[in-house]
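Visitor: I would like a close look at one residue and at the chain around it. Please take me through it step by step.

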Amino acid sequence: MLNPEEFIKEAITKIKEEIGDEKAVIALSGGVDSSVCSVLVKEAIGNNLIAIFVNHGLLREGEVEEVINTFKDKINFKYVDASDEFLNALEGVEDPEEKREIIGKIFIDVFQREADKTDAKFLVQGTIAPDWIETEGKIKSHHNVKLPSGMILNIVEPVRDLYKDEVREIGLELGLPDSTVYRQPFPGPGLAVRVIGPLTKENLKICRQANKIVSDEIEEAGLNKDLWQYFAVLTDTKVTGVKGDQRDFGYLIVLRLVSSVDAMTAYIPELPWEIIRKISKRISSEVSEVTHVALSISDKPPSTIEFA
Ligand code: XMP
């Protein structure tokens, strides 16, 4: 990659040439890729870029408010709460690829609906190199890189050839806050792929609560910049535990704390044991439906980063 300053200069010239005086839309998730693209394209075409943030109801605790606050005064920003539409369609669905398919389809419907209101002729996507490399390899269907079949928009992908660390450098140069630039990657289908087995509002709540504890503790310990992703997976396994002096039969949660450079491979670093114990204790005491917390120690390959 060119140095960040040169990359940005060249990208802006290219985007201006490509989009001209037309309007463009982007699906802004608040993750570093779509955030960088939103700000980069805004630099090139100003308010002719409309950034649409769709809440699919599968986001992490506090995430909706955080994204709104970061972008509402920075760019031409539109918030769409479609959570009921997604969650109703997903209720009880077990198969991870089916979850992805449903989410992908509704996402396109919702996004198309919003895009149609804008007269946009261009669609900006925050695709980065590992997205298309893995999609071509068909390991998992990442819904965010499938071209929306109903869309007649022209695609602009300003960071298509970059890896995540390079996108972060661009984000810093563009003045995005650290909380966005160093935000851990979060899958498009959100917590749906971190709930193993049937997706229900109840399971989602358990998964969200456990994930909040993991991120709070990892961030408080200052380990977030050392880790690629840190999260909790709600399994569909129930195990016997003891709470108070009563037998309890609750869920097994798995902690996944991984290091990586680009998600193509990943490894499990050694972490301070007291942090892991604290996370485990907090989850099993604060999330009443959980009786057991396990730590995953599998690298990628042979495992994938997400469980589903
Ligand atoms: P895996 O689990 O395949 O994940 O090792 C590699 C990286 O991709 C993320 N991931 C997804 N991202 N849609 C996305 O946008 C998806 O369906 C999806 N599945 C996995 C994962 O979080 C990791 O960073």
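What follows is a request about E63 and one connected reply.

Visitor: Where is the place of E63, is E63 buried or exposed, and which residues does E63 touch, leaving aside those up to four places away in sequence?

Guide: The model is a predicted one, and every value below is computed from it. E63 lies in helix α3, which covers residues 63-71, and this helix belongs to a protein chain that has ten helices and eight strands. With a relative accessibility of 4%, E63 counts as buried, because buried means under 20%. Once residues up to four places away in sequence are set aside, E63 touches R183 and F186.

The surroundings can be described for the chain as a whole. Buried residues account for 52% of the 308 residues in the protein chain, and of the contacts between residues at least 6 apart in sequence, 76% join residues at least 24 apart. The radius of gyration of the protein chain is 20 Å, which agrees with the value near 19 Å that a compact globule of 308 residues would have, while the C-alpha trace spans about 70 × 40 × 35 Å along its principal axes.

As for the surface and the charges, the protein chain exposes about 14500 Å², with carbon and sulfur atoms supplying 49% of that area. The chain carries 37 positive and 53 negative charges, and the mean positions of these two sets are 3 Å apart.

Conventions. Residues are numbered from 1 along each chain as its sequence is written. This is a predicted model: local features need pLDDT of at least 70, side-chain atom pairs count only at pLDDT 80 or more; totals for chains, interfaces and linings use all residues. Side-chain values use heavy atoms; hydrogens and water are left out. Helices (H or I, at least four residues) and strands (E, at least two) are DSSP runs, numbered from the N terminus. The radius of gyration is taken over C-alpha atoms; the globule rule is 2.2 Å times the number of residues to the power 0.38. Buried means under 20% relative accessible area, exposed over 50%, partly exposed in between (1.4 Å probe, protein chains only). Contact means heavy atoms within 4.5 Å. Accessible areas come from the Shrake-Rupley method with a 1.4 Å probe; for residues, only the protein chains shown count as cover. Lys and Arg count as positive and Asp and Glu as negative; His and the chain ends are not counted. The place of a charge is taken as NZ of Lys, CZ of Arg, CG of Asp or CD of Glu.
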